[in-house]
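Grab a pencil and work through these exercises with the structure open beside you. Each task comes with a solution that goes step by step.

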Amino acid sequence: MESILAEYHQETNEITIQEGAKQENWVEVCARFNDDVQRICDVTTLENFTGLYQCFDDDNKGVFYLVNEDKRLFKIRRKHFLSNIGKGENSR
């Protein structure tokens with residue numbers, strides 16, 4: 001899944017790709033932010049991207065990423081959920 005750094009203006013719901021941003025692997029971005037990410041909304045106006053996410057750093061400062069979601073995202077979410085409730089592969 002690919003992602004790219006974005007700017008989001010809540011007042012106008014305007015989403016733009018940040019100038020000079022390069023595409024990054026979404027799983028690596030999540031790992032960099034310790035999986036502290038939140039889905040904000042669906043994206044239908046920008047080709048190749050389906051969702052807008054906000055990632056939070058250690059100081060709880062948020063940055064936005066546009067993400068091209070696919071079926072792997074559901075599997076990743078489920079794996080993290082099961083791990084968080086003690087039912088994942090590494091929880092035994």
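**Exercise 1. Count the salt bridges, then find out which residues form them.**

Start with the rule: a salt bridge is a side-chain nitrogen of Lys or Arg within 4 Å of a carboxyl oxygen of Asp or Glu. By this rule the count comes to three salt bridges.

Before going on, a word on what you're looking at. This is a predicted model, where local features need pLDDT of at least 70 and side-chain atom pairs count only at pLDDT 80 or more, while totals for chains, interfaces and linings use all residues. Residues are numbered from 1 along each chain as its sequence is written, and side-chain values use heavy atoms, with hydrogens and water left out.

Step 1. Take Arg 32 and Glu 24: their closest N and O atoms are 3.0 Å apart, and they form a salt bridge.

Step 2. Now go to Arg 39, which meets Asp 42 in a salt bridge at 2.6 Å, N to O. Arg 39 also forms a salt bridge with Glu 69, with the closest N and O atoms 2.8 Å apart. That second pair links distant parts of the chain, since Arg 39 sits in strand β4 and Glu 69 in the loop between β6 (62–67) and α2 (71–84), 30 residues apart.

Step 3. Put the pieces together: Arg 39, Asp 42 and Glu 69 are linked in a network of salt bridges.

**Exercise 2. Sort the salt-bridge residues by exposure.**

Step 1. Get the classes straight: buried means under 20% relative accessible area, exposed over 50%, and partly exposed in between (1.4 Å probe, protein chains only).

Step 2. Arg 32 is partly exposed, because its relative accessible area is 47%. Its partner Glu 24 has 24%, so Glu 24 is partly exposed.

Step 3. Arg 39 comes in at 31% and is therefore partly exposed. Asp 42 has 55%, so Asp 42 counts as exposed.

**Exercise 3. Lay out the secondary structure.**

Step 1. Helices (H or I, at least four residues) and strands (E, at least two) are DSSP runs, numbered from the N terminus. The protein has two helices and six strands.

Step 2. Read from the N terminus on, and the order is β-β-β-α-β-β-β-α.

Step 3. Add the overall burial: of the 92 residues, 27% count as buried.

**Exercise 4. What surrounds Cys 55?**

Step 1. Locate the residue: Cys 55 lies in strand β5 (residues 51–56). Its relative accessible area is 0%, so Cys 55 is buried.

Step 2. Contact here means heavy atoms within 4.5 Å. Setting aside neighbours within four places in sequence, Cys 55 touches residues including Trp 26, Val 29, Phe 33, Asp 36 and Tyr 65.

Step 3. Pick out Asp 36: it's 19 residues from Cys 55 in sequence, but the two are 5.9 Å apart in space, C-alpha to C-alpha.

**Exercise 5. Is Ser 3 buried or exposed?**

Step 1. Find Ser 3 in strand β1 (residues 2–9).

Step 2. Ser 3 counts as buried, because its relative accessibility is 0%.

Step 3. Check the company it keeps: leaving aside neighbours within four places in sequence, Ser 3 is in contact with residues including Lys 22, Glu 24, Trp 26, Val 29, Phe 49 and Tyr 65.

**Exercise 6. Follow Asp 36 out to the loops.**

Step 1. Asp 36 belongs to the loop between α1 (26–32) and β4 (37–42). With a relative accessible area of 34%, Asp 36 is partly exposed.

Step 2. Now try Asn 60, in the loop between β5 and β6. Asn 60 has 54% relative accessible area, so Asn 60 is exposed. The C-alpha atoms of Asn 60 and Asp 36 are separated by 9.1 Å, with their positions 24 residues apart along the chain.

Step 3. Finish with Glu 47, in the loop between β4 and β5. Glu 47 counts as exposed, because its relative accessibility is 68%. From Glu 47 to Asn 68 is 21 residues in sequence and 9.2 Å in space, C-alpha to C-alpha.
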